[in-house]
Amino acid sequence: MINVFQPSLGQEELQALAEVFSDNWPGHGARTAGFEKEFADHIGVPGENVLFLNNATAGLFLAMELLMLKPGDEVVLPSVSFVSAANAIAATGAVPVFCDVDPHTLNPTVEDIESALTPRTRAVCVLHYGGYPGEVARIADLCRSRGIPLLEDAACAVASRVEGRSCGTFGELATWSFDSMKTLVTGDGGMLYVRDEKLMATARRLAYYGTGQRSGFTSARVSDRWWELNVEGFGRRLIGNDLTAAIGRVQLRRLPNFISSREKVAARYTASLADMEGVRLPPPAPSGHTLSHYFYWVQLDSSIRDQVAADLRDRGIYTTFRYPPLHRVPAYGSRKILPATDRAAEETLLLPLHQGLSEEDVEQVVREFRAAVARRGGGGT
């Protein structure tokens with residue numbers, strides 16, 4: 001099966017893990033701190049403003065806690081988002097308010113966000129769909145003008161930038177995901193960015209049981225009896241560890257090559273599929289935008305989309321659509337009518353895109369996709 005997502009792991013990662021084993025300390029330690037510093041350098045922020053966590057969903061839940069949401073508050077986010085963002089909002093008792101998206105980019109416009117704001121809005125959360133920054137700079141300006149914190153779910157945008165500025169650094173908080181479907185993987189893991197240093201200090205406490213301490217050899221002394229606890233809040237254990245951080249540091253060094261490979265795959269898809277009638281390809285990146293090339297999506301008539309996906313799966317090519325619209329999920333109780341989101345959800349299909357794809361893999365995807373569309377009455381062969 002040619003997968004939609006596939007990590008690239010090898011001897012460098014194994015060697016990094018062997019060094020952790022040799023040191024006999026797989027928990028939170030120096031490698032975790034090193035990964036935080038190196039990732040901070042990657043996105044252009046101070047090292048003390050990022051925190052490596054055991055997963056990105058934990059980061060979203062922690063971010064909502066830092067925003068001090070309470071029942072009845074509202075958080076605006078695009079309906080085309082991963083379920084963990086809406087869950088994190090709803091778990092506080094606040095209300096996720098879903099907005100529409102541009103049906104081609106699947107990112108919200110400034111107008112989409114603004115139309116969903118009310119006097120009860122306490123935050124805005126945006127996802128950079130497929131690694132496209134979208135209108136994040138303008139959305140950040142809007143939020144600033146209204147005094148509303150912006151949270152960036154940058155799970156898809158580990159290398160995305162606008163005029164050299166990293167996605168994830170436009171708002172007050174951001175999270176990145178390093179699970180096994182992402183470009184940079186640690187198995188599971190995530191990074192949290194908090195712009196305000198005092199708020200980041202709170203995040204660090206809450207991520208380790210509400211104490212100012214850390215496990216093992218990095219424990220901070222609170223008295224001559226170093227085993228005593230200094231509980232400053234009620235937190236959980238969310239911190240990352242040296243095993244996953246060791247993998248992450250290697251992956252971060254390899255990231256430029258990963259992105260270059262993905263860019264070439266995306267370019268080959270575009271060149272090979274551009275002549276197909278009735279098939280819409282991803283939009284070109286606006287000037288000044290750097291992409292992570294996390295998704296490559298095609299859009300075709302909703303009457304054949306699912307059949308094309310099934311045909312491809314039968315021929316060993318896995319496709320999917322991410323993310324199913326959250327305003328349709330009964331658990332959130334939304335009554336929103338979002339026509340552009342509904343349209344995009346019925347027409348969009350993600351083709352395989354990862355750095356492990358060979359030229360032969362890409363040729364097979366193109367060939368089978370063209371044939372499947374033609375069989376179902378679409379354009380091109």
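Is Arg225 buried or exposed, going by its relative accessibility? With a relative accessibility of 51%, Arg225 counts as exposed, because the cut-off for that word is anything over 50%. I should say straight away that what we are looking at is a predicted model, so please keep that in mind while I go through the charged side chains and then the cysteines.

Let me stay with Arg225 for a moment, since its side chain meets that of Glu228 in a salt bridge, with 3.9 Å from N to O. The cut-off for such a pair is 4 Å, and therefore a separation of 3.9 Å still counts. Glu228, for its part, is partly exposed, with a relative accessible area of 33%. Elsewhere, salt bridges with shared partners connect Lys70, Asp73 and Arg122 in one network. As a general point for anyone new to this, side chains of opposite charge can pair when their charged atoms come close.

How many salt bridges does a search of the whole structure find? The search finds 25, and I will pick out two further examples from the model.

The first example is the pair of Glu111 and Arg138, whose closest N and O atoms are 3.6 Å apart. This salt bridge links distant parts of the chain, given that Glu111 sits in helix H5, residues 110–116, while Arg138 sits in helix H6, residues 136–146, and the two are 27 residues apart. If you look at how accessible they are, Glu111 counts as partly exposed at 45% relative accessibility, and Arg138 likewise counts as partly exposed at 45%.

The second example is the salt bridge that Asp179 forms with Lys182, where the closest N and O atoms lie 3.1 Å apart. Here both residues, Asp179 and Lys182, are buried, whereas Arg225, with which I began, is exposed.

Now I turn to the cysteines. How many disulfides does the structure hold? The number is zero, and two residues can serve to illustrate it. Cys143 is in no disulfide, and the nearest cysteine sulfur, which belongs to Cys125, is 10 Å away; because a disulfide needs two sulfur atoms within 2.5 Å, that distance does not qualify. Cys143 is also buried, with a relative accessibility of 3%. Cys167 is in no disulfide either, and the nearest cysteine sulfur to it, that of Cys156, is 10 Å away. Cys167 too is buried, its relative accessible area being 1%.

Key:
Residues numbered from 1 in each chain as written. Predicted model: local features only at pLDDT ≥ 70, side-chain atom pairs only at ≥ 80, totals over all residues. Heavy atoms only, no water. Buried < 20%, exposed > 50% of the residue type's maximum accessible area, 1.4 Å probe, protein only. Helix = DSSP H or I, 4+ residues; strand = E, 2+ residues; numbered from the N terminus.
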